[in-house]
Structure formats: C-alpha cells, structure tokens
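Trainee: Please give me a close look at the enclosed space in this model. Start with the overall picture, then go to single residues.

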Amino acid sequence: MWFVEALARRGHSVVGVSRGDQGIHSGLPAERLARAADCCRLLWKAPFGSPRFLEIIAAEGPFDVLCHHGAETAGYRSKEFDCMGAVASNTRSLPAVLAAMHAARCERIVLTGSIFESGKRAGEAAPRAFNSYGLSKALTSQIFGFYAEQEGIALGRFVISNPFGPFEEPRFTDYLIRSWREGKIALVSTPRYVRDNIHISLLSGCYCEFVQSLPRTGCHRMDPSGYAEAQGAFAARFAREIGSRLNVETPLEMAKQRIFDEPAICINSDIVLAAELDWDEPRAWDELADYYAERFDIARR
C-alpha cells in the first residue's frame, strides 16, 4: 500500500495484481488494499507467473518496470516454513514472465529482498540466511539474477529490514502501544539484539526513488537503513516519541536476554539522506501518533 501510494504521488501509473480474490481479506489487509485501489488499477486472482498474470502484462502494457513484491511469507518465522514451495511460487514461470515483459517493452525488474536472507548485510563477516524464509528469499534472488542476466533485463534488489508505521502488522511496535493503552508495562524480551527499524514513510520514499532511478542494464541493490540500534534503545526511542505525543504512560521493562538464536546484529548498510527524499522525521512521528490516537482511541497531548 505504501509503495503504491508513494509511486502514485510521484505521478506514476501503477497496475497492481493480487494473488487472491476480492473480498477474501478483512481487517488491516482489507484496509490497505482499499487504499491501494484508490491510487492504482488493482486486478485480482493473478499470482505471479500464472496465465492471468501473463495476460495482464500483455494487455495492460507497455510498462517501464515490474515490481515483484508479493513473496510467500505466511509463517515466515516458523521452522515449518515451506522454503522450496515459497521459491517455486515466487519464481513461477519466470522465463515466460521475462518473455512477456520483453513483448511489453519492459526491461527492468525491482525485486523486494529481506534482511533475513543471505548476502550483503551489515553486522556479520559472513552473512547467511538465518531462517527458512530468509533462505527462500535468497534462492529467489539468485534465480531472478540468473534469468535476468540471461535475458538482458536489469534487476534491482530492494532489501527491507523492519518497517513500522501506520497500518503496520501487529508486531513489536503494535505490541508496545497496545500494552501502554491497557496500562501495562511493555516487556522488551530481546533488548540486546541490534536491529534496523525504519519508518514506513521513509522506506516507501526510498523505494520510489530506487524504482525511478534504476538503470536499464545490470544488477543493482539498495539496503536502506533507519534506526540501527539495540532493540532496547529503539523501544526507549519509541516510548519517548509516542509518550510525548499521546496521553498515555509508556513504561518499559528490559528482559535479561540469555538466548541468542538469531544473529546479534542484523542491520542494513545504506544511509538514507532524508532531505533528498523530502522526508521529515518529526512529521513521521506525528503521523504515527495521529494514527494510534484514532485506531486505539487515545487522546493527543
């Protein structure tokens, strides 16, 4: 949703495709799809590489770039995640997709990557995928890189760390605000992990810039970094910024972390110049506070 809105604001015409049918989503996913549909032509039941997907490329083109964002993610932290099934879904009929792109005069792909995958990642001497989902993303990237080079199509890899902001999935920051709204102390269970949390508004601005500026040849990559710091420090930052804007107490408790079953440091490496993107940090916090105030019925200070 955020990526589509960012592209539309910059004057781009976007055709969006959804794997599922209209009406199967509810809650936040339905809200995001509705907002995306307001600024793009949204088409349904077109999984990547399917006959309908290929028909859409032929019928709706020509296109400047194909943005492949819809990877398989269900249960991405589970040890039962179907890595090979996800790879097959992410890359289905890729040679046919590239041929259809050529016919539609499209010579560029932007593939969304994940900080969970192997490859270039700050914080480790020898980065590796540290779960099955990350492995699926790494294999997906390698397959795309191989076929894109074979077909002479430019490939851009845009690597996402930990976005947060309005309409976010119920993960860490959502847990924090819900705890405080209920008058509870929020427990930070992994305060010593160093992670890279980034405002979704900043991330979407980076994405739009990357899509617009992607050259027509070669392989390129962007790893935008936000707040690269310990999770305990980020939680304190979040509490300070939200607590100064909403009429809610923001107490935190830092657990004594003893289990390190993930890399201690996992951050992106590209420093973002916010001024070049016309992005304002205090405004982003204000917008997030406004969103929480409305969604969770919390008064503004």
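**Burial and enclosed space**

Mentor: Of the 301 residues of the chain, 47% count as buried (under 20% relative accessible area; over 50% is exposed, and in between is partly exposed, with a 1.4 Å probe and protein chains only). This is a predicted model, so local features need pLDDT of at least 70 and side-chain atom pairs need pLDDT 80 or more, while totals for chains, interfaces and linings use all residues. Residues are numbered from 1 along each chain as its sequence is written, and side-chain values use heavy atoms, without hydrogens or water.

The frame comes first. The chain holds 10 helices and 14 strands (DSSP runs numbered from the N terminus: helices are H or I with at least four residues, strands are E with at least two). Its C-alpha trace spans about 55 × 40 × 40 Å along the principal axes. Take the contacts (heavy atoms within 4.5 Å) with a separation of 6 or more. Residues 24 or more positions apart make up 82% of these.

Now the enclosed space. The whole structure has four cavities of 30 Å³ or more (on a 1 Å grid over the protein atoms alone, a 1.4 Å probe fits at the points of a cavity but cannot get out; lining residues have an atom within 4 Å of a point). The largest cavity holds about 40 Å³ (the space filled by probe spheres set on the points, which are joined across faces, edges and corners).

Its lining is W2, F164, G165, P166, H199, I200, S201, A284 and E287. Two helices, α8 (200-213) and α10 (281-295), each give at least two of the residues lining the largest cavity. By class, that lining has five nonpolar, three polar and one charged residues (Ala, Val, Leu, Ile, Met, Phe, Trp, Tyr, Cys and Pro are nonpolar; Asp, Glu, Lys and Arg are charged; the others, Gly among them, are polar).

Follow α10 next. L288 sits in this helix. Its relative accessible area is 1%, so L288 counts as buried. Beyond four places in sequence, L288 contacts F164, G165, P166, F238 and I242. F164, G165 and P166 also line the largest cavity. L288 and P166 are 122 residues apart along the chain, yet their C-alpha atoms are 5.7 Å apart.

The open space brings back some of these names. The second largest pocket has a volume of about 490 Å³ (a pocket is an open set with protein on both sides within 12 Å along at least five of seven lines). It has 22 lining residues, and W2, R9, S201, S204 and W279 are the closest to its centre. W2 and S201 are also in the lining of the largest cavity. Helices α1 (2-9), α8 and α10 each supply at least two residues to the lining of this pocket. The largest share, seven residues, is from α10. By class, the pocket lining has nine nonpolar, three polar and 10 charged residues.

For buried strand residues, take β4 (residues 108-114), where T112 lies. At 6% relative accessible area, T112 is buried. Past four places in sequence, T112 touches H68, H69, K137, F158, I160 and Y207. I109 is in β4 as well. This residue is also buried, at 1% relative accessibility. Its contacts past four places in sequence include V65, L66, F144, L155 and L214. I109 and D223, 114 residues apart in sequence, lie 16 Å apart, C-alpha to C-alpha.

Loops complete the picture. D21 is in the loop between β1 (15-17) and α2 (27-37). With a relative accessible area of 35%, D21 is partly exposed. Outside four places in sequence, D21 contacts W44 and K45. K45 belongs to the loop between β2 (41-43) and α3. Phi of K45 is near 55°, a positive value in a residue other than glycine.

Two further backbone features deserve a check. G61 and P62 are joined by a cis peptide bond, with omega about 0°. P62 is in the loop between α3 (51-60) and β3 (66-68). D297 follows α10. Its phi is positive, about 55°, although D297 is not a glycine. At 68% relative accessible area, D297 is exposed.
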